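User: Please take a close look at one helix in this model and the parts that surround it. I would like a connected account rather than a list.

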Amino acid sequence: MTNGKIPAVRLGDDGPEVGVQGLGCMGMSFGYGPTDADEARATLERALELGVTLYDTADAYGAGENERFLAPFVKAHRDDVVIATKFALAIPPDDPTRRIIRNDAPYIRQAVEASLERLDVDVIDLYYMHRRDVNVPIEETVGVMAELVREGKVKHLGLSEVTATELRAAQAVHPIAALQSEWSLFSRDIEARVVPAARELGVTLVPYSPLGRGFLTGSFSNAETDLTSGDFRRQQPRFTGENAAANAALLEPVRTVAESHGVSPGQVALAWVQQQTAVHGLPVVPIPGTRKVSRIEENTAATKVELTEKDLALLEPIAAQVAGDRYPDMRFASAGRE
Ligand SMILES: NC(=O)c1ccc[n+]([C@@H]2O[C@H](COP(=O)([O-])OP(=O)(O)OC[C@H]3O[C@@H](n4cnc5c(N)ncnc54)[C@H](OP(=O)(O)O)[C@@H]3O)[C@@H](O)[C@H]2O)c1
């Protein structure tokens, strides 16, 4: 850190400079049980003081609630924050509890207006396609996103959970600044094809769930018994039943490395993701999610942790041993379509 702030890095070839770690804001409104809104607001402010400038949300996080929650913070610091939001997970009119994937032009046009209004901004700094609708050619979707750039509604484009082939096709239509996909000690499927494609195309990797949705910190070991009823991790194959017990045992080397550096297991998990920059030769900006001031301090401090070759070797076997997929339906992820 310089002046107590984390270093900065550019998103894509001509995207904005952002702190090398961003903040995932989803849990502040959605998915991970009850939130203390005052603590979450204090977390946003503390993150900015520490040099975190990329704030990640989506229209789907609480059906717009997360964007609304962030709006006053974004307004108060408009020139200092890079606000990223996403479209594609639509609510079908007949069932507000379900989500369907939509990448078509009328939907994107409606979604961007709604996000601009909820975020209370004139322009979205980074606009992602959240999930891929395979019924719409990606060139068509990115073509509409590029029109939004030309119209001044959006500054930069991103994609989430696309395959290497899809990323190449998209980049041929318009520069893609960021690719947001799951990447952690537990989830490494993107390393085979997606990461090399991003490096080749000059696209920055923005790993989501770098803490394995919290599991890599050791703060819970079985979602069914340790987390509240509304928490969606209770539906995830890795965190329940026999898989959870087997996966909790995989944290042993993470704890060993953490002890040797005098840091927490979560900091080791974050340092590992950050160090993929050197391993794969491309910029990496993880976006761990937290709603707590003490944790944003802990997480940003992980940017100073340097893992040794010996540490990396100890951590290397973990991902191949993880029990259970990262989603109940893997078509939701790029690996399910490769
Ligand atoms: N593109 C996509 O499809 C996609 C999918 C999922 C998520 N995302 C984005 O990525 C962001 C991060 O992913 P994520 O939230 O799923 O997973 P994550 O960052 O791997 O983990 C977040 C969980 O870890 C806990 N946590 C954070 N720091 C901690 C620490 N130092 N010690 C102990 N526990 C800690 C958080 O709890 P507290 O909040 O209580 O601290 C939360 O439950 C999201 O906020 C969202 O913006 C994108």
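The part in question is helix 12 (residues 293-301). Which helices pack against helix 12, at what angle, and through which residues?

Analyst: The account below starts with the setting of helix 12, then takes its packing partners in turn, and ends with another helix pair for reference. The model is predicted.

Helix 12 lies within a span that the UniProt record, an unreviewed entry, annotates as "domain: NADP-dependent oxidoreductase", covering residues 22-317. That span is 42% helix and 13% strand, and its end C-alpha atoms lie 27 Å apart.

Helix 12 contributes to the surroundings of the ligand: three residues of the shell come from this helix, the largest share. The shell has 29 residues, of which Gly24, Tyr208, Leu211, Gly214 and Gly289 come nearest to the ligand. By class, the shell holds 14 polar, eight nonpolar and seven charged residues.

One packing partner of helix 12 is helix 1 (residues 37-49). The two axes are 8 Å apart and the packing angle is about 30°. Angles under 35 degrees count as roughly parallel, so helix 1 and helix 12 are roughly parallel to each other. Their crossing is right-handed. On the helix 1 side, the contact involves Glu39, Ala42, Thr43, Arg46 and Ala47, which meet Val293, Ile296 and Glu297 of helix 12. Sorted by class, this contact has four nonpolar, three charged and one polar residues.

Another partner is helix 10 (residues 265-274), whose axis is also 8 Å from that of helix 12, at an angle of about 45°. That angle makes helix 10 oblique to helix 12. Here too the crossing is right-handed. Gly266, Gln267 and Leu270 of helix 10 make the contact with Glu298, Asn299 and Ala301 of helix 12. By class, the residues of this contact are three polar, two nonpolar and one charged.

Helix 12 therefore has a roughly parallel neighbour in helix 1 and an oblique one in helix 10. Helix 1 is met by Val293, Ile296 and Glu297, whereas helix 10 is met by Glu298, Asn299 and Ala301.

For reference, consider a pair that does not involve helix 12. Helix 5 (residues 164-171) and helix 6 (residues 194-201) have axes that come within 8 Å and cross at roughly 20°. These two helices are therefore roughly parallel to each other, and helix 5 passes helix 6 in a right-handed crossing. Ala164, Leu167, Arg168 and Gln171 of helix 5 meet Val194, Ala197, Ala198 and Leu201 of helix 6. The contact of helix 5 with helix 6 comprises six nonpolar, one polar and one charged residues.

Key
Residues numbered from 1 in each chain as written. Predicted model: local features only at pLDDT ≥ 70, side-chain atom pairs only at ≥ 80, totals over all residues. Near = placed C-beta within 6 Å. Helix = DSSP H or I, 4+ residues; strand = E, 2+ residues; numbered from the N terminus. Nonpolar A, V, L, I, M, F, W, Y, C, P; charged D, E, K, R; others polar. Axes fitted to C-alpha atoms, helices over the stretch in contact; angles between N-to-C directions. Parallel < 35°, antiparallel > 145°, perpendicular 65-115°, else oblique. Left-handed = near helix turned anticlockwise from the far one by under 90°. Contact = placed C-beta atoms within 7 Å. UniProt positions renumbered as here; feature names shortened; annotations may be inferred.
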